[in-house]
Amino acid sequence: MTTYNLALIGFGGVNRALAELIRDEPHRFASLGFELRVVAITDLAFGSLVQADGIDLAAVLAMPRGASFEGLRGGSPEPRNEEVIKNGPADIIVEATFTSPIDGEPAVSHVRWALASGKHVVTTNKGPVALYGQELNALAGENGTRFEFEGSVMSGTPVLRLARKMLKGLELNGVQGILNGTSNYVLGRMEEGLRLEEAIAEAQERGYAEADPTADIGGSDVQLKVAILANELLGASLRPDEIDTKGIQDITSDHVAQALANGQRWKLIGEAGRGKDGRITASVRPAALPADHPLAGISGATNAVSFNTDILGAVTVSGPGAGRMETAYALVSDIIAIDEYIKGGVRV
Ligand code: HSE
């Protein structure tokens with residue numbers, strides 16, 4: 001059976017969830033024809049740990065937050081990301097660190113180092129894909145490696161690969177989606193009578209919101225996801241800051257109640273479409289949708305994307321857009337895609 005050696009860059013919620021899956025469910029991977037061995041972990045809090053014969057995941061998952069890898073065989077108190085990524089024993093780099101929406105760092109450097117040194121990358125980070133997708137896709141191609149990022153939009157719900165694979169043969173003219181679970185949850189709770197601030201506090205408690213919820217409420221999280229959908233699926237070359245963006249910060253309880261009385265629901269909509277001249281334009285804005293709109297019934301923290309196709313019209317996919325295990329599954333689906341590529345030479 002094939003063994004893939006992984007380096008987990010960042011050991012927060014998502015990569016810990018992946019480590020739990022590898023520890024608890026080896027049969028899931030065996031049935032796919034491969035096994036996963038974690039040979040390196042780096043993290044700002046823990047430092048770095050490199051063991052080419054495979055790290056004991058049960059032991060590291062049991063370490064409390066605040067502990068250090070220092071003192072373990074192959075351990076260091078420093079993250080040593082560059083050294084581990086470039087010279088470590090992994091063949092797949094699993095990038096799940098913090099990323100700045102302004103310059104994509106430090107994630108974009110991690111991805112560049114990995115691809116340039118001939119390693120495949122799977123990531124859930126939006127920043128590198130939204131800001132440098134073209135460059136990183138090209139870098140992967142030049143180095144004969146894969147750059148896979150299914151989890152950058154709608155976490156484990158496979159919208160990117162689904163569109164590329166299952167909508168092949170259709171002309172895709174636009175995408176329209178509810179791409180932020182926090183804002184959708186907040187709007188739903190406002191329909192039930194909560195004020196905006198109360199609903200945001202609740203979304204934070206439930207763990208849907210980004211570390212800084214202004215990215216969720218102000219629309220910049222959706223802006224990055226729309227850039228990814230437009231560039232990766234519609235062939236655009238949009239920078240996120242070229243996407244006209246307005247969040248839900250000015251939606252009041254009165255707006256919500258008024259819309260409900262008219263049979264409408266406020267939603268934060270991210271969209272991109274091809275105009276008659278072939279140009280792709282995109283936007284993020286709140287909209288009061290009529291009840292029969294394909295996205296009007298999407299409630300809670302659920303996300304959805306509606307693909308505008310020539311033969312089928314609207315094809316709509318809904319599913320989770322956040323959550324640690326849901327996002328870890330996106331990494332699994334990326335590793336499956338790499339395995340299929342390696343074994344069959346096909347891109348899926
Ligand atoms: N904070 C995001 C959301 C999750 O609420 O949808 C990851 O993008």
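Helix 12 lies across strand 10 and strand 11 (280–290), running at about 90° to strand 10. Helices here are DSSP runs of H or I with at least four residues, strands are DSSP runs of E with at least two, and both are numbered from the N terminus. Axes are lines fitted to C-alpha atoms, for helices over the stretch in contact, and angles run from 0 to 180 degrees between N-to-C directions. Keep in mind that this is a predicted model, where local features need pLDDT of at least 70, side-chain atom pairs count only at pLDDT 80 or more, and totals for chains, interfaces and linings use all residues. Residues are numbered from 1 along each chain as its sequence is written, and side-chain values use heavy atoms, with hydrogens and water left out.

**The six-stranded sheet and helix 8**

Strands 10 and 11 belong to an open sheet of six strands, ordered 9-11-10-8-12-13 with mixed pairing. Two strands count as paired if DSSP finds at least two bridges between them. At the edges sit strand 9 (244–245) and strand 13 (313–320), each pairing on one side only. Further in, strand 8 and strand 12 run antiparallel and are joined by six bridges; G177 has V305 in strand 12 as its bridge partner.

Helix 8 (residues 181–191) has nine of its eleven residues buried, so it is largely enclosed by the rest of the structure. Buried means under 20% relative accessible area, exposed means over 50%, and partly exposed is in between (1.4 Å probe, protein chains only). Among the buried residues of helix 8 are N184, Y185, V186 and M190. What do the buried residues of helix 8 pack against? The partners are strand 8 (172–178), helix 9 (196–205), helix 10 (214–217), helix 12 (253–261), strand 10 (264–274) and strand 12 (302–309).

**Nonpolar cores**

V186 turns up again in the largest nonpolar core, which has 65 residues; F147, V186 and F307 have the most contacts inside it. A nonpolar core is a set of buried Ala, Val, Leu, Ile, Met, Phe, Trp, Tyr and Cys residues joined through side-chain atoms within 4.5 Å. Helix 11 (residues 220–233) gives the most to this core, with eight residues. The core also draws at least three residues from each of domain 1 (2–156 + 325–344) and domain 2 (160–320), with the bounds coming from an automatic or database domain assignment. Leaving out residues up to four places away in sequence, V186 touches L196, A199, I200, A203, I217 and I248; contact means heavy atoms within 4.5 Å. There's a second, separate core of 34 residues, including F11, L21, L57 and V94. In soluble globular proteins, nonpolar side chains tend to be buried together.

**The seven-stranded sheet**

The other sheet is open too: seven strands in the order 4-3-2-1-5-6-7, again with mixed pairing. Strand 4 (75–76) and strand 7 (147–148) are the edge strands, each pairing on one side only. Strand 1 (residues 2–9) pairs with strand 5 (residues 92–95) in the parallel sense over four bridges, and I9 has E95 in strand 5 as its bridge partner.

Two helices that pack on this sheet are worth a look:

| Helix | Strands touched | Angle |
|---|---|---|
| Helix 1 (residues 13–24) | strand 1, strand 2 (34–43), strand 5 | about 155° with strand 1 |
| Helix 13 (residues 324–344) | strand 1, strand 2, strand 5, strand 6 (120–123), strand 7 | about 155° with strand 6 |

**Backbone oddities**

Most residues other than glycine have a negative phi, and most peptide bonds are trans. The bond from E105 to P106 is cis, with omega near 0°, and P106 is in the loop between strand 5 and helix 5 (107–116). R80, in the loop between strand 4 and helix 4 (81–87), has a positive phi near 45°. S155 has a positive phi as well, near 40°, and lies in the loop between strand 7 and helix 7 (159–166). Are these two residues buried or exposed? R80 counts as partly exposed at 28% relative accessibility, while S155 is buried at 3%.

**The whole chain**

Overall, the chain has 13 helices and 13 strands. Its radius of gyration is 21 Å, close to the 20 Å that the globule rule gives for 348 residues, so the chain is as compact as a globular protein of that length. That radius is taken over C-alpha atoms, and the rule is 2.2 Å times the number of residues to the power 0.38. The C-alpha trace spans about 65 × 45 × 35 Å along its principal axes, and buried residues make up 53% of the 348 residues.
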